Amino acid sequence: MLLKLQSKKAKPVNKPYYLLILYVVFFTVGTKALADEFQVHGFIAQGVVQNKGSNFVIEDDELTFDLTELGLNFSYQLSDSLRFAGQAVYLNGGNRFDEGLRVDYLLADWNFYNSEKNQSHLYIGRIKNYHWLYSSTRDVPMTRPSIILPQSVYFDGTRDMTVGGDGIAFSNKYASENIGEIDLTISSSKAPIPTDDTRSIVDPKTKGRLKHDADLQASIYWRPVALPWRFGFALTDARFKYESALDDIYDNGEIDLQRFYLNAEYFGEKWSLSAELLQEKMALTGLLFPEFSRPTTGQGGYLQSEYKVTQDIQLLARYERYFADKNDKSGNQLAASTFGAVPYYFGFQHDVTLGLTYHFDFNLKLQFEHHWVQGTARLTPLIIPDPTNNPQEHWQLTALQLMYWF
């Protein structure tokens, strides 16, 4: 299993200025000249959160307002086949990810082929991740089933790298009266990793830089005819390189990551179900010292149910489990290999979540949820564990967030 490092307070990320300039240009031109072809939407979400017994959000058990999401997005339909879209957000989530402004996506969408059964798109720019159940909507709070997504799959520590990256994506939707709908997506992109994110993933004391060296993702979804189900499979093959600085305490290193997903969704009149299973193979070489090598295979997943009590009230229940190493599910080997410096409960993280959503209006809703968590394997940062700020195997989290969008 990969080790984890010591926690820190969230800091502003380096702003991608060149993308922000493009974003402002699109927005300015659009609002003045593009009329109905140009659409602008946004959202404001503010909440309070308390984690007891971990540093998931902050290092103490106090209530905090580190649950802020502000976003503005646009879409411009240049022609029947070409569209431009982008979104900039400000986030403050405590230790979950770095605070600050970022551009989630800024892309050209070319609908280059249409027929009776097929529709094909090509996306170029800072593209979105369309491969997992909630990967394409996790950046917009009102579209998520819960305030905090299941960490077994949607790990907040790498949020910016998994929302999308700079590259290209291809998608094709096939619809048949006999087979149903089949969605295929293939993408390749590299996400920029700011200095503060490098320190979160590697170590606050690091002076080098982590780079997203390569990334290939693919997914396929099938919705059968006349059935309220959707099934999917996705995979990720990514490589990250750490470039050591001159006076760095770490050597050059490499992280190879392969992830495999199986998922399913059910949509009923009042009930909906969703589930995702994950297996991730991770190999760390170098970094700690030149000959260091540690491959691990983690496993996780969740089962989630939502029930619509009325048009305005919705309940949520979720159960998830995650093991950092499938060959060390108890974490005992991890503790033994570090001579007890890293407790066994850093080898897993399981979560039971109950939630409630109330819709005040079509564009205003309040979400509440409570988490009972066992283990700390999915806490940020990533490389070297921090038992000092995470001294408990069992911890809890409560969150309340009000969301408005336009």
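## A walk through the fold, from outline to core

With 406 residues, a compact globule would be expected to have a radius of gyration near 22 Å, and the protein agrees with that at 21 Å. Keep in mind as we go that this is a predicted model. Along the principal axes, the C-alpha atoms of the protein fill a box of roughly 65 × 50 × 45 Å. Its secondary structure comes to 4 helices and 16 strands.

How much of the chain is covered? Of the 406 residues, 52% count as buried. The protein exposes about 18,400 Å², and carbon and sulfur atoms supply 60% of that area. Turning from the surface to the contacts, take those with a separation of 6 or more: residues 24 or more positions apart account for 64% of them.

Let us now go inside. The largest nonpolar core has 21 residues, and within it F56 and L397 touch the most other members. Three elements give two or more residues to this core: β1 (38-52), β3 (82-92) and β16 (394-405). Which of these elements supplies the largest share of the core? That is β16, with 5 residues.

L397 is a good place to stop and look around. Leaving aside neighbours within four places in sequence, L397 is in contact with V49, Q50, N51, F56, V57, I148, E369, H370 and H371. The list includes F56, the other residue that shares the top place for touching core members. Apart from this core lies another one, of 17 residues, with I193, Y250, L257 and I383 among them.

The aromatic side chains offer a second way to read the interior. A pair of rings is described by the distance of the centres and the angle of the planes. In this model the count comes to 19 aromatic pairs. One of them brings us back to F56: its ring and that of W395 have centres 5.8 Å apart and planes at 35°, so the pair is tilted. F56 lies in the loop between β1 and β2 (68-77) and W395 in strand β16, so this pair links parts of the chain that are 339 residues apart. Are these two residues buried or exposed? Both F56 and W395 are buried.

A second tilted pair is formed by Y134 and Y154, at 5.9 Å centre to centre and with 55° between the planes. Here the two partners are 20 residues apart, and each is in the loop between β5 (118-128) and α2 (159-163). Y134 is buried, with a relative accessible area of 9%, and Y154 counts as buried at 0% relative accessibility. These two tyrosines also belong to a wider group: W132, Y134, Y154 and Y261 form one aromatic cluster.

Rings also have charged partners in this model. The charged end of K329 sits over the ring of F323, 5.1 Å from its centre. R378 lies over the face of Y322, at 4.1 Å from the ring centre.

Next, some stops in the loops. Most residues other than glycine have a negative phi. L287 is not a glycine, yet its phi is positive, at about 70°. You will find L287 in the loop between β11 (271-286) and β12 (293-308). At 3% relative accessibility, L287 counts as buried. F339 is not a glycine either, and its phi is positive at about 55°. The place of F339 is the loop between α4 (332-337) and β14 (349-361). What sets the surroundings of L287 and F339 apart is their cover: L287 is buried, whereas F339 is exposed, with a relative accessible area of 79%.

The last stop is P192, in the loop between β7 (180-190) and α3 (195-201). P192 has a relative accessibility of 44%, so this residue counts as partly exposed. Which residues does P192 contact, leaving aside its neighbours within four places in sequence? They are R126 and D166. For a sense of distance across the model, P192 and Q299 are 107 residues apart in sequence and 27 Å apart in space, C-alpha to C-alpha.

Definitions and conventions. Residues numbered from 1 in each chain as written. Predicted model: local features only at pLDDT ≥ 70, side-chain atom pairs only at ≥ 80, totals over all residues. Heavy atoms only, no water. Core = buried A, V, L, I, M, F, W, Y, C linked by side-chain atoms within 4.5 Å. Buried < 20%, exposed > 50% of the residue type's maximum accessible area, 1.4 Å probe, protein only. Contact = heavy atoms within 4.5 Å. Phe/Tyr/Trp six-rings, centres within 6.5 Å; stacked < 30°, edge-to-face > 60°. Lys NZ or Arg CZ within 6 Å of the ring centre and 35° of its normal. Rg over C-alpha atoms; globule rule 2.2 N^0.38 Å. Areas by Shrake-Rupley, 256 points an atom, 1.4 Å probe, with all protein chains shown as cover.
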